[in-house]
Amino acid sequence: MQEKIKVGVLGATGMVGQRYIKLLENHPWFEVSYVAASPRSAGKPYKDAVQNRWLIGETIPEVVANLIVQDANDEKNALGKCKFVFSALEMGKDEIKALEERYAAEGIPVVSNASANRWTSDVPMIVPEINYSHLDVIDSQKKHHSWNNGFIVVKPNCSLQTYMMPLHALIQAGYPVKRMIVTTLQATSGAGYPGVPSFDMIDNIVPFIGGEEEKTEKECLKILGAVKDGKIENNTLPVVSSTCTRVPVVDGHTACVSLEFDLPDEKKPSLEEIERVWSAYTSLPQELNLPSAPVHPIVVRHEENRPQPRRDRETEKGMASVVGRLRKCTVFDVKFVALSHNTKRGAALGGILNAELLKAKGFFDF
């Protein structure tokens, strides 16, 4: 049996960090050997650091329970203890950006869930089924910083995961999209913990999430871009208009999407063709049979009232984009509803899939 790669989790006591800890339990390739968090948690066994605030609803994995939490601000503590780290840091963006770069400078690759480096031009923002070719920019990133083995890879905002694979599938099939209107209905878990007070959410919808609309409108352009001259050049289409709301759902982000194709009417796809494209969609993670990859990245529902968070968020172990209500749009061309699990595909498990792709492509072979 092949020896597992030892990995670390930065921000291990937070909500996303805990999700990493639980999802990595019994992972076939990775084993948590290092946990780090804020100075107030440093020096404690992990089980004591999260006492009374373990949020996952299951027992703490035994292999992690007695690990001593380290100070995440001291990157040298990780040397010799893990091959790479997952970053679930909860700090200011400038602090996170600087700290992730310090880990990379020490030769420790960073697979990040944080947003701090998403707009760094030589840092790939990966959805493995879509833009795995952006990993080509890592060599330029390392040369730019004079890093040896270290590098940084990030994942996009969780709300994009609902519709990016359906969008990419259509573009890849020869149906480019010119404009898109997106309204997201985002689960409370996306706000972290303690997150939005219950009195604000029960019997309510909050029609504003700070920074989300900018992420929704711009991050897709980097994901759909291309590596050029050692940087990622963003795409110019589609033009996206978004409205992001918080709804009283625990897990599962939903998006209502309207698309206008950048094609003459006679070349625009029928509803049947769109469904065929979505149902047939697979990519490199499926070819490589990565452990966390869904067999069916896009799952089409035909019931008139699906997808629904409570019924559909665990589809393909929480890693699929579930689409439904595909129909003609009276303003644009077509519209549909999409759903993804924001704390799995949209957060920790999406980060783990990124790491699996990096391993399969040899980026941890040092």
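User: In this predicted model, which residues of helix H1 are buried?

Analyst: The model is a predicted one, and burial here means under 20% relative accessible area. In helix H1, which spans residues 15-23, the residues that meet this cut-off are Gly17, Gln18, Arg19, Tyr20, Ile21 and Lys22.

User: Against which elements do the buried residues of H1 pack?

Analyst: The partners include both strands and helices. The buried residues of H1 pack against strand S1 (5-10), strand S2 (30-37), helix H2 (46-49), helix H3 (62-65), S4 and H13.

User: How many aromatic pairs are there, and how are the rings of Tyr20 and Phe86 arranged?

Analyst: The count comes to 10 aromatic pairs. For Tyr20 and Phe86 the ring centres are 4.8 Å apart and the planes stand at 25°. Planes under 30 degrees apart count as stacked, so the arrangement of Tyr20 and Phe86 is stacked.

User: How many residues apart are Tyr20 and Phe86, and are they buried or exposed?

Analyst: Tyr20 belongs to helix H1, whereas Phe86 belongs to strand S4 (residues 84-87), so the pair links distant parts of the chain, 66 residues apart. As for accessibility, both Tyr20 and Phe86 are buried.

User: How are the rings of Phe84 and Phe364 arranged, and how many residues apart in sequence are the parts that this pair ties together?

Analyst: The ring centres of Phe84 and Phe364 lie 4.3 Å apart with their planes at 5°, so this pair is stacked. Both residues are buried. Because Phe84 lies in strand S4 and Phe364 in the segment after helix H13 (348-360), the parts tied together are separated in sequence by 280 residues.

User: Which residues form one aromatic cluster with Tyr20 and Phe84?

Analyst: Tyr20 and Phe84 are both members of one aromatic cluster. The residues that form this cluster with them are Trp29, Phe30, Phe86, Phe151, Phe363 and Phe364.

User: Which residue lies over the face of Trp29, and over which ring does the charged end of Lys83 sit?

Analyst: The face of Trp29 is covered at 4.4 Å from the ring centre by Lys359. The charged end of Lys83 is 4.4 Å from the centre of the ring over which it sits, and that ring belongs to Phe366.

User: Where is Asn117 placed, and with which side chain does Asn117 share a polar contact of 3.1 Å?

Analyst: Asn117 is placed in the loop between strand S5 (110-112) and helix H5 (128-131). Its relative accessibility is 0%, so Asn117 counts as buried. Beyond its neighbours within four places in sequence, the contacts of Asn117 include Glu100, Glu101 and Lys222, and the polar contact of 3.1 Å is with the side chain of Lys97.

User: Is Asp122 buried or exposed, and with which side chain does its own side chain make a polar contact?

Analyst: Asp122 lies in the loop between S5 and H5, and at 6% relative accessibility it counts as buried. Not counting residues up to four places away in sequence, Asp122 touches Val137, Ser140, Gln141, His144, His145 and Gly230. The polar contact of its side chain, at 3.4 Å, is with the side chain of His144.

User: Which residues have the most contacts inside the largest nonpolar core?

Analyst: The largest nonpolar core has 54 residues, and its largest share, five residues, comes from helix H7 (residues 164-172). Apart from this core lies another, of 39 residues, among them Val32 and Leu357. Inside the largest core, those with the most contacts are Tyr103, Met164, Leu259 and Trp278.

Conventions:
Residues numbered from 1 in each chain as written. Predicted model: local features only at pLDDT ≥ 70, side-chain atom pairs only at ≥ 80, totals over all residues. Heavy atoms only, no water. Phe/Tyr/Trp six-rings, centres within 6.5 Å; stacked < 30°, edge-to-face > 60°. Helix = DSSP H or I, 4+ residues; strand = E, 2+ residues; numbered from the N terminus. Buried < 20%, exposed > 50% of the residue type's maximum accessible area, 1.4 Å probe, protein only. Lys NZ or Arg CZ within 6 Å of the ring centre and 35° of its normal. Polar contact = N/O pair within 3.5 Å; in protein donor to acceptor, adjacent residues only side chain to side chain. Contact = heavy atoms within 4.5 Å. Core = buried A, V, L, I, M, F, W, Y, C linked by side-chain atoms within 4.5 Å.
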